[in-house]
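User: I would like to learn how to read an interface, first between domains and then between chains. Where should I begin?

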Amino acid sequence: MEIYLDNAATTQPATAVLLAMSECSRRCYGNPASWHRLGVEAAKVVERSRQTLAEALGAEPDEIVFTSGGTESNNLAVKGTAWAAGRRGKHIVISAVEHPSVTAAALSLEKLGVRVSLVGVDSEGLVDPAAVARVLTSATILVSVMHANHEIGALEPVQEIGRLCRGRGILFHCDACQSFTKEPLDVAKVPVDLLSVNAHKLHGPKGIGALYVRKGTALAPLFDGGGQEGGRRSGTLNTPAIAGFAAAIEAVDLRAASVMRRLRDRLWDSLRRAVPGIRLNGPRKARLCNNLNVMLPETESKPLLRKLSAAGIYASAGAACSSAKPEPSPVLLAIGLSPQETVRSLRLSLSRWTTQAQVDAAARAIVRLAGGS
Amino acid sequence: MSRPAETLDLTGVPCPANAARALLVIEGLPAGAFLRISLDDGEPIQNVPPALEEQGHVVVDKVRIGTGWQVLVKKGEEA
């Protein structure tokens, strides 16, 4: 039995997604910027998908900019805001647990004279809105705090932080790549100006994402080119992937979150009963429904992951984007783990297809390989 | 008596997304129904009506209103 518990890294594409992409590739291969019949047919696919995504977010279709994924969406939000602000943009605030595509994008602006403040988190990985308020100045143009953390699943208080920013006329960006369609997030209710999502975390294709840009938000493009997406993102649109993105959203089962939460809790219960000294990384309550991150008492995660892989069980030590880097996870360091403790941490992330039998089998294998009882 | 026309504001929507959105709305209408579309001057008024006609719909009227246009389209019988 194959047990895939690395759904925070990426998910298996749904059959409906593969069919939508295949159909689109065969029949709507025109460039959606072309005026002939095939081009307009491709543009219809794009606009229908834009409508689907907008409805899922509570946005208007014109507020959706298709990108190549979460990393580009985050870069566009952070750099695009700063570049559009020009000389006015002197200060950006991000949390200490952001995805590298937010952190690196923000820090890259320092050479342009932008000051970047990193707001720390508590031992569960949660940002305190009051701590954000304390670092805001009259020069602050953007605050970026993610919705759900990619490693420990912490659900950040984005409503409060957004309200804080809105009250001071500061733009608020939220990276919702992990939480999109798993946790409620409606841009009509949450005061967010920019929101990053992608498809491959929800059984959609890789290489496609979007940035929600609230109407009236000044944003400079990352790329020069043909001016697609209303001048905000040049480049020929990836129509099959866009069709697959919409198909993935349409296939979402809103009841799946509670099932994933129950199975995730069952997995944690099995592990903590059988492995003395095991600890939960991240929050107990304000946590993404499919995320479990644990610190093992003695076993290093990398050798354990190799043994699990050999047994057909796939998980990870942390963020997929950081897997190739030998440095300890900045997220785990930010919640107070020592570098030695970070290498004993294991991320187990479920999908709506994960079954109870899989969770129980994974728990037994981890207990056996990690030396539990 | 014929049904009143549905309306669709496509001002500010770039080409050819405006044509695509118009076609998606027309597809949801019964044959023979009317759609009144607001379009920007320039490329949109030059390109959207022909794109609709190419798909079998009938552009009944084009009226300049202020800096833009209002186009009345009838859904084709076999479109």
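User: How many salt bridges does the rule find across the interface of domain 1 of chain A and domain 2 of chain A?

Analyst: A salt bridge is called on distance, with a side-chain nitrogen of Lys or Arg within 4 Å of a carboxyl oxygen of Asp or Glu. In this predicted model, the rule finds 1 across that domain interface. Glu183(A) and Arg261(A) form a salt bridge, with 3.4 Å between their closest N and O atoms.

User: Which elements of chain A each supply at least two residues to the side of domain 1 that touches domain 2?

Analyst: They are α8 (256–274), β10 (291–295) and α10 (330–334). The largest share comes from α10(A), with 4 residues. By class, this side of domain 1 of chain A has 16 nonpolar, 12 polar and 5 charged residues. Between the two domains, 16 residue pairs are in polar contact, both residues being at pLDDT 80 or more.

User: What are the bounds of the two domains of chain A?

Analyst: The assignment gives domain 1 as 3–11 + 254–369 and domain 2 as 15–250. Their centres, taken over C-alpha atoms, are 27 Å apart.

User: How many residues are in contact between these domains, and what area is buried?

Analyst: Contact counts and buried area are read side by side. Here 33 residues of domain 1 of chain A are in contact with 28 of domain 2 of chain A. The buried area is about 2400 Å², and carbon and sulfur atoms give 55% of it. In domain 1 of chain A, the residues that lose the most area to domain 2 are Thr11(A), Leu288(A) and Val331(A), together 25% of what that side buries.

User: What area do chain B and chain A bury between them?

Analyst: The same reading applies to a pair of chains. Chain B and chain A bury about 1300 Å², with 59% of it on carbon and sulfur atoms. Contact involves 18 residues of chain B and 15 residues of chain A.

User: How many salt bridges and polar contacts are found between chain B and chain A?

Analyst: The rule finds 4 salt bridges across this interface. Among them is the one in which the side chains of Glu27(B) and Lys44(A) meet, at 2.2 Å from N to O. The count of residue pairs in polar contact, both at pLDDT 80 or more, is 6.

User: Which element gives the most to the side of chain B that touches chain A?

Analyst: That is α1(B), with 8 residues. Both α1 (17–27) and α2 (43–54) of chain B supply at least two residues each. The residues of this side of chain B divide into 11 nonpolar, 3 polar and 4 charged.

Note on methods
Residues are numbered from 1 along each chain as its sequence is written. Chains are lettered from A and ligands numbered from 1 in the order in which they are written. This is a predicted model: local features need pLDDT of at least 70, side-chain atom pairs count only at pLDDT 80 or more; totals for chains, interfaces and linings use all residues. Side-chain values use heavy atoms; hydrogens and water are left out. Domain bounds come from an automatic or database domain assignment. Contact means heavy atoms within 4.5 Å. Buried area is the accessible area (1.4 Å probe) that two parts lose on being put together, summed over both. A polar contact is a pair of N or O atoms within 3.5 Å; within protein, one must be able to donate a hydrogen and the other to accept it, and residues adjacent in sequence count only if both atoms are side-chain atoms. Ala, Val, Leu, Ile, Met, Phe, Trp, Tyr, Cys and Pro count as nonpolar, Asp, Glu, Lys and Arg as charged, and the others, Gly among them, as polar.
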